[in-house]
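Subject: the model I promised you

Hi,

Here is the structure we talked about, ready for you to open in your viewer. My notes on what turned up follow right below it.

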Amino acid sequence: GGAGALTISGNNSFGDLTATTRPSTITFTISTTQTFTNFTLSGTAGNLVTINSSSAGTQATLSKTSGTVSVGYLSIRDSNATGGATWNAGATSTNVSNNTGWLFSAVVYTAGGLFFAFF
């Protein structure tokens, strides 16, 4: 957890990443990989958490080996979400530019031919 503006450099492994103060900005140095066991970083309505790389146009990589990341109220720029997990930023997050691997829509579930959408 952290507050305010934070820069994370180098390749790292984390149990989780959270923000204790919102709005806040987390910057990852370019061409690095951050590996997570869990990723629960979210903002709130009107208080986005910004995640970006240290140089516009060049991605930093976020990796989680399996499962589903479900977050919201993020502003994301220059991020490559990978590693085998499904990365759901949700409809409340902003796809600023140059992101790969993130899903920026409402999650839709299907069961037995019926569908459920959660907003």
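**Starting at β6**

S63 stands opposite T82 in β9. Before I go on from there, please keep in mind that this is a predicted model.

That pair belongs to a longer match: β6 and β9 (residues 79-82) run parallel and are joined by four bridges. β6 also pairs with β4, again in the parallel sense, this time over three bridges. Within that pairing, T33 stands opposite T61 in β6, and T35 has S63 as its bridge partner. S63 therefore turns up twice, opposite T82 in β9 and as the partner of T35.

Which way do the side chains of β6 point? A60 and L62 go one way, T61 and S63 go the other, and all of them are buried. In general, side chains in a regular strand alternate between the two faces of the sheet. β4 is another story: Q34 and F36 make up its covered face, whereas T33 and T35 sit on an uncovered one.

Going the other way from β4, you reach β2, which pairs with β4 in the parallel sense over three bridges. There, S13 has T35 as its bridge partner in β4.

**The overall picture**

The protein chain has 14 strands and zero helices, so if you read the elements from the N terminus on, you get β after β to the end. Of its 119 residues, 34% are buried. The chain exposes about 6,000 Å², and carbon and sulfur atoms supply 53% of that. Looking at contacts with a separation of 6 or more, 35% are between residues 24 or more positions apart.

There is also an open sheet of three strands, in the order β7-β10-β12, with parallel pairing. Its edge strands are β7 (68-70) and β12 (102-103), each of which pairs on one side only. β10 (residues 86-88) runs parallel to β12 and is joined to it by two bridges. One detail to look up there: W87 has W102 as its bridge partner in β12.

**T32, a buried loop residue**

Is T32 buried or exposed? T32 counts as buried because its relative accessible area is 8%, and the cut-off for buried is under 20%. T32 lies in the loop between β3 (24-28) and β4 (33-36). Leaving aside residues up to four places away in sequence, T32 touches G10, N11, A60 and T61. Closer along the chain, the side chain of T32 makes a polar contact with the side chain of Q34, at 3.1 Å.

S31 is found in that loop between β3 and β4 as well, but S31 counts as exposed because its relative accessibility is 63%.

**Backbone spots to check**

As a reminder, most residues other than glycine have a negative phi, and most peptide bonds are trans. These are the places I would list against that background:

- S31 has a positive phi, near 60°, and is not a glycine.
- N98 is not a glycine either, yet its phi is positive at about 55°. N98 sits in the loop between β11 (94-97) and β12, and counts as partly exposed at 36% relative accessibility.
- R22 and P23 are joined by a cis peptide bond, with omega about 0°. P23 is found in the loop between β2 (12-14) and β3.

**One cavity**

How many cavities of 30 Å³ or more are there in the whole structure? The search finds one. The largest cavity holds about 30 Å³ of space. Its lining is made up of F28, I51, N52, S53, A60, L62, R77, D78 and S79. The elements that give two or more residues to that lining are β5 (49-53) and β6 (60-63), and β5 gives the most, with three.

That brings us back to β6: A60 and L62 are among the residues that line the largest cavity, and these two point one way from the strand, with T61 and S63 pointing the other way. A60 is also one of the residues that T32 touches.

Shout if anything is unclear when you open the file.

Cheers

Terms used:
Residues numbered from 1 in each chain as written. Predicted model: local features only at pLDDT ≥ 70, side-chain atom pairs only at ≥ 80, totals over all residues. Heavy atoms only, no water. Buried < 20%, exposed > 50% of the residue type's maximum accessible area, 1.4 Å probe, protein only. Polar contact = N/O pair within 3.5 Å; in protein donor to acceptor, adjacent residues only side chain to side chain. Contact = heavy atoms within 4.5 Å. Pairing = 2+ DSSP bridges. Areas by Shrake-Rupley, 256 points an atom, 1.4 Å probe, with all protein chains shown as cover. 1 Å grid on protein atoms, 1.4 Å probe; cavity = no way out; pocket = protein on both sides within 12 Å on 5 of 7 lines; lining within 4 Å. Points joined across faces, edges and corners; volume = space filled by probe spheres on them.
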